[in-house]
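Subject: Structure handover

Hello,

Here is the structure for your work. Please open it alongside this note.

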Amino acid sequence: MDYKEKYRQWLDFADAQTKAELTAVQDEKELEDRFYKDLAFGTGGLRGIMGAGSNRMNKYTVGKATLGLAQYLKSKNNGDISVAVAYDTRNNSQFFAKTAAGVFASQGIRVYLYEMVVPVPVLSFMTHYLSCTAGVMITASHNPKEYNGYKVYDSKGCQFCTEDAKNAISYIDAITDYSKIPFTEESGLITYIGEKELSAFLAEVKKQSLYEEKSDLKIVYTPLHGTGNIPVRRMLEGMDVTVVKEQELPDGNFSTVRSPNPEEKDALTIAIEKAREIGADLVLGTDPDCDRVGIAVRDGEDYRLFTGNQTGALLVKFVLTMKKAQLNPKSTLIKTIVTSDLGANIGRRFGLQVEETLTGFKYIGDKINKYEQTGEREFVIGYEESYGYLVGTHARDKDAVVSSMLICQMAAWCKNQGKTLVDGLNEIYDEYGYYLDFLDSFVLKGKDGAEKIQSLMTYFRNTGKDLFDGIDNIVDFSTGIRDLPKENVLKYIWKDGSWMAVRPSGTEPKIKVYYSVVDSDRANAQTRLDAIRNKIREIIEK
């Protein structure tokens with residue numbers, strides 16, 4: 001049916017509040033955007049703007065996803081089935097979590113529901129720790145306040161990958177009558193969990209500690225109104241940590257930032273101001289669901305923001321230096337295809353094997369699952385350029401709790417040697433060459449935007465090596481590369497090892513362009529990057 005038919009259908013079954021919201025919509029384009037499609041699973045599961053409509057996050061779309069997931073779990077599992085459910089500090093997250101718990105319970109599935117907000121890695125850990133069949137986390141990660149989402153995890157705490165997601169979607173898509181979704185508020189099958197389980201997670205994180213020597217390192221930390229406040233601070237006990245009071249408590253409107261995304265420069269503005277005031281060495285910021293962490297490092301009188309690639313390279317060197325005696329031929333580093341090669345090259349120097357996955361930390365988690373099954377490799381560290389890192393196998397998703405602990409220990413280790421993380425990064429560049437990495441995201445909303453993204457990907461494919469001089473190879477991941485699932489990603493590789501990748505976002509209405517320029521001269525690298533970016537901008541914005 002077209003979007004108008006869907007709209008009329010919703011007016012037939014929806015509750016009074018939903019009907020009132022829909023009838024108040026006067027703009028035809030907005031109405032089309034709310035109904036021209038159903039929310040679909042991407043690299044981060046179900047994610048969308050909150051509001052009424054089939055293309056929005058609301059009680060009904062959460063209920064549909066949960067009912068379909070419940071039916072899928074029952075189709076592949078005999079006996080008792082249980083699901084862990086958690087949520088972050090976003091508006092409606094607790095409501096959506098309780099909605100999901102009620103639908104699961106209506107299907108005879110036992111639910112372990114957190115009674116407080118917790119980070120994504122806690123849910124990942126808890127799914128395995130409680131021997132659950134699956135897990136659900138209500139979060140939209142670092143997206144703007146208008147968004148929320150629904151991440152699904154397997155029994156090991158890894159986000160659903162290709163096969164599971166495909167099968168679950170088939171059950172979800174089969175549900176077309178929203179009026180038949182069984183919403184249940186209370187059930188004896190719902191058990192509330194909390195502090196005991198969080199403490200078990202933190203005990204596992206603590207096992208990854210690598211450096212606890214005394215240091216006069218001064219840290220400013222901001223949880224950006226999210227779930228990191230309690231767990232991160234508990235992992236940094238004994239260190240000199242100042243928390244940004246304005247951003248300490250949960251706030252689903254994220255009222256002190258434009259966007260609660262540590263990838264964006266202005267997210268750490270208030271924290272950097274506090275750092276200047278007290279003369280801190282390191283600024284640390286975690287996103288709302290505490291799976292990503294961004295840092296700024298004191299550099300003279302100013303503070304330098306680090307990219308995810310830079311922090312990742314530093315963490316690789318620190319972790320491998322500290323674990324050198326434990327490394328063996330099975331030791332492995334995992335990175336995504338759009339992550340800089342710098343950290344991988346450091347890993348190879350230490351003798352590690354390196355594996356690449358598609359974008360999305362679920363693929364790194366899936367590799368860890370396979371290593372555990374086969375014993376062929378041992379996971380040491382995994383990371384992606386978008387500020388997500390994992391050390392240890394307590395979780396199968398990126399973990400800003402363990403990352404924050406290790407980043408602070410790494411900074412203390414450097415300071416005790418009379419160095420900063422800026423010095424440490426420069427030492428890496430001196431040894432491995434200079435890597436200049438950058439990401440451009442172009443927002444293209446609605447149906448028209450989705451169509452333009454599709455046409456842009458077609459254009460980039462058809463243009464091939466004529467796009468830029470010196471391109472040596474083009475990797476089209478939609479054709480199936482190595483053992484990776486097919487994905488709509490193009491990667492252009494220059495003869496000197498520089499590269500550019502283009503992909504539609506799996507969680508937002510964006511097309512993303514990643515750049516990695518390798519050059520012995522920093523000024524040359526910047527000039528080359530600017531030229532490439534200018535040409536891409538002309539193509540996308542015309």
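Below is what was found, by topic.

First, a caution: this is a predicted model.

Strand S19

S19 runs over residues 499–504. It is mostly covered, with six of its six residues buried. Its side chains split into two sets. Trp-499, Ala-501 and Arg-503 point one way. Met-500, Val-502 and Pro-504 point the other way. Both sets are buried.

S19 pairs with S18 and with S20. S18 covers residues 490–494 and pairs with S19 in the antiparallel sense, over four bridges. One pairing to check is Leu-490, whose bridge partner in S19 is Val-502. S18 and S19 form a hairpin with four residues between them. Gly-497 sits in that turn and has a positive phi of about 100°.

S20 covers residues 510–519. The pairing of S19 with S20 is also antiparallel and runs over six bridges. Here Trp-499 stands opposite Ser-516. The link from S19 to S20 is a hairpin through five residues.

Ser-340

Where does Ser-340 lie? Its place is in the loop between strand S12 (331–336) and helix H12 (342–349). Ser-340 is buried, because its relative accessible area is 1%, and the cut-off is under 20%. A polar atom of the Ser-340 side chain lies 3.1 Å from the backbone nitrogen of Leu-342.

Beyond its neighbours within four places in sequence, Ser-340 is in contact with Asn-309, Lys-335, Tyr-383, Tyr-435, Asp-437, Trp-499 and Ser-516. Two names in that list, Trp-499 and Ser-516, also stand opposite each other in the pairing of S19 and S20. That ties this loop residue to the strands above through contacts.

Cysteines

How many disulfides are there? The count comes to zero. A disulfide is a covalent bond between the sulfur atoms of two cysteines. The cut-off used is a sulfur pair within 2.5 Å.

Why is Cys-132 not bonded? The closest cysteine sulfur to that of Cys-132 is in Cys-158, and it is 15 Å away, so the two are too far apart for a bond. Cys-132 counts as buried, because its relative accessibility is 3% and the cut-off is under 20%.

Cys-158 is in no disulfide either. Its nearest cysteine sulfur is that of Cys-161, at 4.3 Å. Cys-158 is buried too, with a relative accessible area of 1%.

Regards

Methods. Residues are numbered from 1 along each chain as its sequence is written. This is a predicted model: local features need pLDDT of at least 70, side-chain atom pairs count only at pLDDT 80 or more; totals for chains, interfaces and linings use all residues. Side-chain values use heavy atoms; hydrogens and water are left out. Buried means under 20% relative accessible area, exposed over 50%, partly exposed in between (1.4 Å probe, protein chains only). Helices (H or I, at least four residues) and strands (E, at least two) are DSSP runs, numbered from the N terminus. Two strands pair if DSSP finds at least two bridges between them. A polar contact is a pair of N or O atoms within 3.5 Å; within protein, one must be able to donate a hydrogen and the other to accept it, and residues adjacent in sequence count only if both atoms are side-chain atoms. Contact means heavy atoms within 4.5 Å.
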